[in-house]
Amino acid sequence: MDYVLTTNNISKQYRQFKALDGLTMRVPKGAIYGFVGRNGAGKTTLIRLICGLQSPTSGDYTLYSIDSRAKDIVQSRKRIGAVVETPSIYMDMTAEENLKLQYKVLGLQPNEGITELLKLVGLENTDRKKARNFSLGMKQRLGIAVALAGSPDFLILDEPTNGLDPQGIIEMRELILKLNRELHITVLISSHILDELSKVATHYGFIDAGHIVKEMSAEELEAACKKAMRVEVTNTQTLSRVLDEMSVSYEIHSDRQADIFAKLNVSELTIALAKENCEVISLQEHEETLESYFVNLIGGGKNA
């Protein structure tokens, strides 16, 4: 498999605080890589290192197979577009003026695709409207347009849906999918909105305390997220005894609720429980979400 980015045991120390601690990860070419972790886990620090805004304390990484310590890494970084923390836009300029300035910085002619780029991000009809008067979603999309100037094939987005309303989130999702599927741009997304991330990501990296806990594909995650029958009963101690006799895998959540990881004959279960004076109150299918999987993986706490 080809990888756009690989990191090898990267660490980043700020005095007494270690933001990254031996982090190793691989971002496949063509992927939408969901970078998942708590606030302070090290996501933004890694992004800043990749973009050349900071240097690692130890370890190294490769971009398009070029070592981070090589002179040619500058050329590899030219293939990156990034929106780190907040969009890099000038609020007193129009969308077109922002892009013209970015094209000038990159040494490109302004007529080399600005109209197409504005259309791509849905800002072709903003005319003379200043960026300060844009909605948050429009500002985010303009930031992505600026990052796409120069036609990068690796796009890094740090919390792209943060603060957006539902419509803005949908528009951002559709844009990311379009960039990936139609323009074949590899995308790395750091996000704490895990339900939304699960709608676009093809691969995941779970980070905690500065190191990668687990990497997996969307297919592997789907298989790992257990499908279960959630049952509510009057006494889960009795349920536990009955399920043990049936040699069924289960997980008790409380004195009244449990998940059963098997297909059961509901009538047989109900009859068996009734013999033990235990009543079934409700049954429903239940599937573990990305959020619950993440919390279980890193041991609870606030999400990213």
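Let me begin with one residue, Glu-287: at 39% relative accessibility, Glu-287 is partly exposed. The cut-offs here are under 20% for buried and over 50% for exposed, so a value of 39% falls in between. Glu-287 sits in strand 14, which runs over residues 280-287. Please keep in mind that this is a predicted model.

Glu-287 has company. On the surface, a patch of negative charge is formed by Glu-219, Glu-220, Glu-222 and Glu-287. Which element gives the most to this patch? That is helix 8, residues 218-224, with 3 residues.

Now stay in helix 8 for a moment. Leu-221 also has its place in this helix. Is Leu-221 buried or exposed? Leu-221 counts as buried, because its relative accessibility is 5%. Setting aside neighbours within four places in sequence, Leu-221 is in contact with Tyr-204, Phe-206, Met-216, Leu-290 and Tyr-293. As for Leu-63, the C-alpha atoms of Leu-63 and Leu-221 are 26 Å apart in space, and the two residues are 158 apart in sequence.

Ser-217 belongs to strand 10, residues 211-217. Ser-217 has a relative accessibility of 12%, and therefore counts as buried. Not counting residues up to four places away in sequence, Ser-217 touches Thr-202, His-203 and Tyr-204. Tyr-204 was also on the contact list of Leu-221.

Let me step back to the whole chain. The protein chain has 304 residues, and buried residues make up 44% of them. In secondary structure, the chain comes to 11 helices and 14 strands. Its C-alpha atoms fill a box of roughly 80 × 45 × 35 Å along the principal axes. The accessible surface is about 16000 Å², and carbon and sulfur atoms account for 45% of that. If we take contacts between residues at least 6 apart in sequence, 67% of them join residues at least 24 apart.

Next, charges. There are 35 positive and 40 negative side chains in the chain, and the centres of these two sets lie 8 Å apart. Side chains of opposite charge can pair when their charged atoms come close. How many salt bridges does a search of the whole structure find? The search finds 15. I will go through three of them.

The first on my list is between the side chains of Arg-38 and Asp-208, at 3.4 Å from N to O. Arg-38 is in the loop between strand 3 (32-37) and helix 1 (43-50), while Asp-208 is in strand 9 (residues 203-208), so this pair ties together parts that are 170 residues apart in sequence. Arg-38 is partly exposed, with a relative accessible area of 24%. Asp-208, in turn, is buried, with 15%.

Then there is a bridge inside one helix. The side chains of Glu-96 and Lys-100 meet at 3.3 Å, N to O. Both residues lie in helix 3 (residues 95-105), 4 residues apart, which is about one turn of the helix. Glu-96 is partly exposed at 34% relative accessibility, and Lys-100 is partly exposed at 38%.

The last of the three joins Arg-173 and Glu-196, whose closest N and O atoms are 2.5 Å apart. Where do the two partners sit? Arg-173 lies in helix 6 (residues 166-181) and Glu-196 in helix 7 (residues 194-197), so the pair ties together parts that are 23 residues apart in sequence. Glu-196 is buried, with a relative accessible area of 9%. This bridge is also part of a network, in which salt bridges that share partners join Arg-173, Asp-195, Glu-196 and Lys-199.

To finish, two points about the backbone. His-184 has a phi near 60 degrees, which is a positive value in a residue other than glycine. His-184 is in the loop between helix 6 and strand 8 (186-190), and is exposed, with a relative accessible area of 59%. Asn-277 likewise has a phi near 60 degrees, positive in a residue other than glycine. The place of Asn-277 is the loop between helix 10 (266-275) and strand 14. Asn-277 counts as exposed, because its relative accessibility is 73%. Strand 14 is also where we began, with Glu-287.

Terms used:
Residues numbered from 1 in each chain as written. Predicted model: local features only at pLDDT ≥ 70, side-chain atom pairs only at ≥ 80, totals over all residues. Heavy atoms only, no water. Patch = residues over 30% accessible without salt bridge, like charges linked within 9 Å, V, L, I, M, F, W, Y side chains within 5 Å. Areas by Shrake-Rupley, 256 points an atom, 1.4 Å probe, with all protein chains shown as cover. Salt bridge = Lys/Arg side-chain N within 4 Å of Asp/Glu carboxyl O. Lys, Arg positive; Asp, Glu negative; His and termini not counted. Charge placed at Lys NZ, Arg CZ, Asp CG, Glu CD. Buried < 20%, exposed > 50% of the residue type's maximum accessible area, 1.4 Å probe, protein only. Contact = heavy atoms within 4.5 Å.
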